[in-house]
Amino acid sequence: MTDRAPDLHPEAKTILDEVDLPPTHALSVSGAREALRDVLVSDDPPDDDLTVRSLSIPGPDGPETALDVRAYAPPGDGDRPVLVYFHGGGWVRGDLDTHDGLCRLLAEAADCVVVSVDYRRAPEHPFPAPVRDAYAATAWAAEHAGVVGGDPDRIAVGGDSAGGNLAAAVTLLARERAGPAIDHQVLLYPVTDYDLDTDSYRANAEGYLLSRASMRWYWDRYLDDELDGANPYASPLRAPDLSGLPSATVVTAGYDPLRDEGAAYADRLREAGVEVTHADYPGMVHVFASFPDLGRARDARETIAADLSSAFDR
């Protein structure tokens, strides 16, 4: 690891001290997936009152591409708004279990049903398969949310890292296809551009959990053809027009290679007339919002919850 920056937040130092992840780019696909599960999947029983249901829903090509989803519903009567959530992991790793904790935290904070989607992963299913799955799951929620106690007329999408990339792509597709209606997008330190040469990539190339080499490894497995990196559904920042998209909460971290592209996407949304909250945490690192007991993480989740509540009440 490189020497740590002096202004790294103490909570970020805690994350770096506690998370023992080998460099992704030095692992096989199966090894990378297992390493993430070792860190994020807990054997402890959840400490919440959520009702959790597992379902299989039609994928983009019908039953043959059926998707597993997990729905988290807060207690109480009445249909709640819905956040369709796509997990991070570079499109290659991550699953319903690795993001179980974060989805529970978001469901509680935002008092909404969270529908976590087990989309197909690369390299077995490269771009655009995960995008197609994410859109199909969002369309299903907009029609069938009542099955899990959700309100199909109040739908948001969200995700972290590669999942944030998918959420942004879904909003572009929904605009292109005139539906489903999406009230808000939650983008946690999202991948928005196939460009590994930004200032934040150079400054945070290694030593802060997510490395530049690992992001190269992810992109190489996600894209069958490097030319696909220019496709707006892979690189939403390259979309020529971002007007007419749903309001957004964009969370970025100072010591994250993805910081600049997240900030640039927030800026472009705002310039296109989209209502945006850009919540930047200068001293933090990638994935920080997943940690339940850290103050900065709670602050990020509370910001997301407030923005979701405002969007759903419009």
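Where in the chain is the place of Pro 123? In this predicted model, Pro 123 occupies the loop between β4 (113-118) and α4. The peptide bond that leads into Pro 123 from Ala 122 is cis, with omega near 0°. The helix that follows this loop, α4, spans residues 129-144, and Ala 129 is found in it. With a relative accessibility of 11%, Ala 129 counts as buried. The C-alpha atom of Ala 129 is separated by 30 Å from that of Tyr 208, a residue 79 positions apart from Ala 129 along the chain.

A cis peptide bond is also present between Gly 179 and Pro 180, again with omega near 0°. Pro 180 is placed in the loop that runs between α5 (162-176) and β6 (184-188).

Backbone geometry is further marked by positive phi values in residues other than glycine. Ser 161 has a phi near 60°, a positive value in a non-glycine residue. This serine belongs to the loop between β5 (150-160) and α5, and at 7% relative accessibility Ser 161 counts as buried. Val 287 likewise shows a positive phi, near 70°, and is a residue other than glycine. The location of Val 287 is the loop between β8 (276-285) and α9 (295-312). In terms of accessibility, Val 287 is partly exposed, with a value of 24%.

The cysteines were examined for disulfide bonding, and the count comes to 0 disulfides. Cys 103 takes part in no disulfide, and the nearest cysteine sulfur, that of Cys 112, lies 9.8 Å away. Because a disulfide requires two cysteine sulfur atoms within 2.5 Å, the 9.8 Å between the sulfur of Cys 112 and its closest cysteine sulfur, in Cys 103, is too far for a bond. Both residues are shielded from solvent by the accessibility criterion: Cys 103 counts as buried at 0% relative accessibility, and Cys 112 is buried with a relative accessible area of 0%.

Thr 252 was considered in its surroundings. This threonine lies in strand β7, which covers residues 247-255. At 1% relative accessibility, Thr 252 counts as buried; the cut-off for that class is under 20%. The side chain of Thr 252 makes a polar contact, at 2.7 Å, with the side chain of Asp 280. Apart from neighbours within four places in sequence, the residues in contact with Thr 252 include His 278, Ala 279, Asp 280 and Tyr 281. Asp 280 is thus named both as a contact of Thr 252 and as its side-chain polar partner. Other contacts of Thr 252 are Arg 259, Gly 262, Ala 263 and Phe 288.

At the level of annotation, the UniProt record, an unreviewed entry, places the feature "domain: Alpha/beta hydrolase fold-3" at residues 83-289. Over residues 83-289, the chain in the model is 34% helix and 22% strand. The C-alpha atoms at the two ends of this segment are 16 Å apart.

Methods. Residues are numbered from 1 along each chain as its sequence is written. This is a predicted model: local features need pLDDT of at least 70, side-chain atom pairs count only at pLDDT 80 or more; totals for chains, interfaces and linings use all residues. Side-chain values use heavy atoms; hydrogens and water are left out. Buried means under 20% relative accessible area, exposed over 50%, partly exposed in between (1.4 Å probe, protein chains only). Helices (H or I, at least four residues) and strands (E, at least two) are DSSP runs, numbered from the N terminus. UniProt positions are given in the numbering used here, feature names are shortened, and annotations may be inferred rather than shown by experiment. A polar contact is a pair of N or O atoms within 3.5 Å; within protein, one must be able to donate a hydrogen and the other to accept it, and residues adjacent in sequence count only if both atoms are side-chain atoms. Contact means heavy atoms within 4.5 Å.
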